[in-house]
Amino acid sequence: MSQEQPRRPSEKAAGGEQGIRYGDVFPVTGSLAAKPIAPRDAATMQSAENLVLGKTVKGGPAAAMESAASRNEEMGVVGHDQATDAAAEQGVNVSDTLVPGGGRIVTEFVAGQAVGHYVEQDDGAAVVAGVAGAAPGAVRVEEPAKITIGEALEAAALAAGGKPVERSDAAAIQAAEAKATGMDTSMPGGLAAQAQSAAAANLWTARDADKTKLGDVLSNATAKLAADKDVESGDAARVAGAETRNKPGAAARPGGVAASMAAAARLNRAPTT
């Protein structure tokens with residue numbers, strides 16, 4: 001298996017009174033970054049990886065969390081049965097979606113923030129995006145699979161598929177479709193048109209349960225696109241700009257279209273040697 005692993009905490013962070021925090025190990029933000037990694041968080045992530053993947057990923061988020069939590073427990077920063085409040089309230093989960101031609105995209109979350117995003121090939125080889133460093137002794141994949149825009153949209157459908165479609169989602173999907181097809185106008189009946197219609201209808205729908213969800217629009221996105229291409233940094237930037245311009249507070253949805261495109265772009269430019 002080939003992958004990039006969570007970065008090592010600094011010496012100061014590893015020995016500080018606050019212990020090893022999420023922000024020391026993963027590219028997370030907000031209050032979660034300041035929270036010490038707790039044993040129950042690590043155990044929950046390990047269970048999630050085993051449930052979805054049938055194994056614990058070597059050098060992956062669960063392994064990194066277990067190591068940090070053990071160190072924090074030794075330092076007396078956390079108790080053996082302690083969980084981080086954000087993780088306990090907002091959840092720890094692993095999602096995956098099959099990639100056409102073989103393999104699957106895997107995204108791992110703590111409290112709604114991605115701590116791991118990678119493609120696992122059918123032979124078990126994987127490359128992780130969104131975290132720094134390199135797994136010691138890992139065998140590199142010679143030619144890692146490139147993630148297409150359609151596949152990134154399918155990953156968003158799985159990671160945030162239960163969320164009602166909003167105007168910002170529709171804008172992001174329109175930007176993604178335009179980059180995939182090379183046309184600035186929406187395709188009649190295409191993903192962007194469906195997303196715009198759903199977002200408009202959701203504004204007039206009182207109950208969230210009755211609203212059209214992101215997964216309803218983006219499921220099987222690859223087949224719905226008239227054309228597709230590998231995700232590049234410029235594609236991800238355009239989608240991120242479209243999403244944040246149309247969202248109050250200019251914050252992208254965790255696990256949403258912009259987040260999945262950004263992770264795919266990082267993965268596609270990851271070194272292979």
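Strand 1 (residues 92-98) and strand 2 pair in the antiparallel sense over seven bridges; strands here are DSSP runs of E with at least two residues, helices are DSSP runs of H or I with at least four residues, and both are numbered from the N terminus. Two strands count as paired if DSSP finds at least two bridges between them. This is a predicted model, in which local features need pLDDT of at least 70 and side-chain atom pairs count only at pLDDT 80 or more, while totals for chains, interfaces and linings use all residues. Residues are numbered from 1 along each chain as its sequence is written, and side-chain values use heavy atoms, with hydrogens and water left out.

**The strands**

Let us stay with strand 2 for a moment. On the strand 1 side, T97 stands opposite I105 of strand 2. On the strand 3 side, seven bridges join strand 2 to strand 3 (residues 113-120), and the two run antiparallel. I105 faces V119 in strand 3, and E108 has G116 as its bridge partner there. Two residues lie between the strands in the hairpin of strand 2 and strand 3, where A111 takes a positive phi near 50°.

How many residues of strand 2 (residues 104-110) are buried? Seven of the seven are, so strand 2 is largely enclosed by the rest of the structure. Buried means under 20% relative accessible area, exposed means over 50%, and partly exposed lies in between, using a 1.4 Å probe and protein chains only. In a regular strand the side chains alternate between the two faces of the sheet. Here R104, V106, E108 and V110 point one way from strand 2, while I105, T107 and F109 point the other way, and all are buried. Strand 3 has six of its eight residues buried, so it too is largely enclosed by the rest of the structure.

Strand 3 also gives a handy long-range marker: the C-alpha atoms of H117 and L267 are separated by 8.2 Å, although these residues are 150 apart along the chain. L267 is found in helix 13 and is buried, with a relative accessible area of 6%.

**Helix 9 and the nonpolar cores**

Helix 9 (residues 191-203) has 13 residues and reaches 19 Å from its first C-alpha to its last. That is close to the 18 Å expected at 1.5 Å a residue, the expected span being 1.5 Å times one less than the number of residues. Its buried residues are L191, A192, A195, A198, A199 and N202. Seen down the axis of helix 9, they fall within an arc of 130°, so they line one face of the helix; the arc is that of the directions from the helix axis to the C-beta atoms. These buried residues pack against helix 7 (149-159), helix 8 (167-181), helix 10 (214-218) and helix 11 (221-224), where contact means heavy atoms within 4.5 Å.

A nonpolar core is a set of buried Ala, Val, Leu, Ile, Met, Phe, Trp, Tyr and Cys residues joined through side-chain atoms within 4.5 Å. The largest one has 37 residues, and those with the most contacts inside it are L218 and V257. The elements giving two or more residues to this core are helix 7, helix 8, helix 9, helix 10, helix 12 (233-245) and helix 13 (257-268). Helix 8 gives the most, with seven residues. V257 touches L153, A156, A172, I173, L218, V239 and E243, not counting residues up to four places away in sequence. A second, separate core of 27 residues includes I20, I37, A48 and A64.

**Salt bridges**

A search of the whole structure finds 11 salt bridges, each a side-chain nitrogen of Lys or Arg within 4 Å of a carboxyl oxygen of Asp or Glu. Three of them are listed here.

| Pair | N to O distance |
|---|---|
| D85 and K35 | 3.5 Å |
| R71 and E74 | 3.8 Å |
| D208 and K211 | 3.2 Å |

The D85 and K35 pair links distant parts of the chain: D85 sits in helix 6 (residues 85-90) and K35 in the loop between helix 3 (30-33) and helix 4 (39-53), 50 residues apart. D85 is partly exposed at 39% relative accessible area, and K35 is partly exposed at 24%.

R71 and E74 are three residues apart in helix 5 (residues 61-75), so about one helical turn separates them. R71 is partly exposed at 36%, whereas E74 is exposed at 63%.

In the third pair, D208 is partly exposed at 46% and K211 is buried at 19%. Elsewhere, salt bridges that share partners join E166, D169, K247 and R253 into one network.
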